[in-house]
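Subject: Structure handover

Hello,

Here is the structure I promised to pass on. Please open it alongside this email. My notes follow below.

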Amino acid sequence: MYDHIGLRVGNLDASVRFYTAALAPLGFVLCSRDDAGAGFGPKGAPALWLHLHKGSAGSAAHVAFRAKDHAAIKQFHAEGLKAGGRDNGSAGPRADYSPTYYAAFLIDPDGNNVEAVCT
């Protein structure tokens, strides 16, 4: 479990659109936004911060969000694709991770690997 994480993004509008759509099925909302960044999380408790960054974003990150069930993971994947994400692994079991691991993976507009998982 993490307290918060920050990602550098090159296009804040595209990233806000992607994360708003992909994280809604997981129960996360846009909590804060200004010209320099945005925060997502449970209402009133942002834990994912996007920071507008001009220039090279550097290495891509991997962020995994807990989901309540398989349906939320499927919806995360579908909504994220509609909002500009790229498929990096559709919703399904990942028995090589653990017998009950179920996840989906997307690449966000800045090349970060974003996962929704439940076990």
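In which strand does A116 lie? A116 is in strand 9, which covers residues 113-118. Keep in mind that this is a predicted model. I come back to A116 further down, after the overall picture.

**Overall picture**

The protein has two helices and nine strands. Along the sequence they run β-α-β-β-β-β-α-β-β-β-β. The radius of gyration is 14 Å, and the globule rule also gives 14 Å for 119 residues, so the protein is as compact as a globular protein of that length. The C-alpha trace spans about 40 × 30 × 25 Å along its principal axes.

Buried residues account for 41% of the 119 residues. The accessible surface is about 6400 Å². Carbon and sulfur atoms own 52% of that surface.

How far apart in sequence are the residues that touch? Take the contacts between residues at least 6 apart in sequence: 53% of them join residues at least 24 apart.

On charge, there are 11 positive and 11 negative side chains. The centres of these two sets lie 3 Å apart.

**Helix 1 and S15**

Helix 1 runs over residues 12-23. Its twelve residues should span 16 Å at 1.5 Å a residue, and the end C-alpha atoms are indeed 16 Å apart, so the two values agree. This helix is mostly covered, with nine of its twelve residues buried. The buried ones are L12, A14, S15, V16, F18, Y19, A21, A22 and L23.

One general point helps when you look at that list. An α-helix has 3.6 residues a turn, so residues three or four places apart point the same way.

S15 sits in helix 1. Is S15 buried or exposed? Its relative accessibility is 0%, so S15 counts as buried; the cut-off is under 20%. Setting aside residues up to four places away in sequence, S15 touches V9, L50, P109 and D110.

**A104 and A116**

These two residues belong together, as A104 and A116 are in contact. A104 lies in strand 8, residues 102-107. A116, as said, lies in strand 9. A104 is buried, because its relative accessible area is 0%. A116 is also at 0% relative accessibility, so A116 counts as buried.

What does A104 touch, beyond residues up to four places away in sequence? The list is I73, F76, H77, G89, S90, A91, R94, V114, E115 and A116. For A116, again leaving aside neighbours within four places, the contacts are L26, F65, I73, F76, Y102, A103 and A104. I73 and F76 appear in the contacts of A104 and in those of A116. Both of these partners fall within the residue range of helix 2, 70-82.

Two distances may help you find your way around. A104 and G27 are 77 residues apart along the chain, and their C-alpha atoms are separated by 16 Å. A116 and K43 are 73 residues apart along the chain, with 19 Å between their C-alpha atoms.

**E79 in helix 2**

E79 lies in helix 2. With a relative accessibility of 24%, E79 counts as partly exposed. Apart from neighbours within four places in sequence, E79 is in contact with A21, A22 and P25. A21 and A22 are among the buried residues of helix 1. So what separates E79 from P25 in sequence and in space? The two are 54 residues apart in sequence and 8.3 Å apart in space, C-alpha to C-alpha.

**H62 in strand 5**

H62 lies in strand 5, which covers residues 62-66. H62 is partly exposed, with a relative accessible area of 42%. Its contacts, not counting residues up to four places away in sequence, are F105, N113 and E115. E115 also touches A104. H62 and I107 are 45 residues apart in sequence, and their C-alpha atoms are 9.3 Å apart.

**Where to start**

Try S15 in helix 1. Then go to A104 in strand 8 and its partner A116 in strand 9. Finish with the partly exposed pair, E79 and H62.

Best wishes

Notes: Residues numbered from 1 in each chain as written. Predicted model: local features only at pLDDT ≥ 70, side-chain atom pairs only at ≥ 80, totals over all residues. Heavy atoms only, no water. Helix = DSSP H or I, 4+ residues; strand = E, 2+ residues; numbered from the N terminus. Rg over C-alpha atoms; globule rule 2.2 N^0.38 Å. Buried < 20%, exposed > 50% of the residue type's maximum accessible area, 1.4 Å probe, protein only. Contact = heavy atoms within 4.5 Å. Areas by Shrake-Rupley, 256 points an atom, 1.4 Å probe, with all protein chains shown as cover. Lys, Arg positive; Asp, Glu negative; His and termini not counted. Charge placed at Lys NZ, Arg CZ, Asp CG, Glu CD. Expected span 1.5 Å × (residues − 1).
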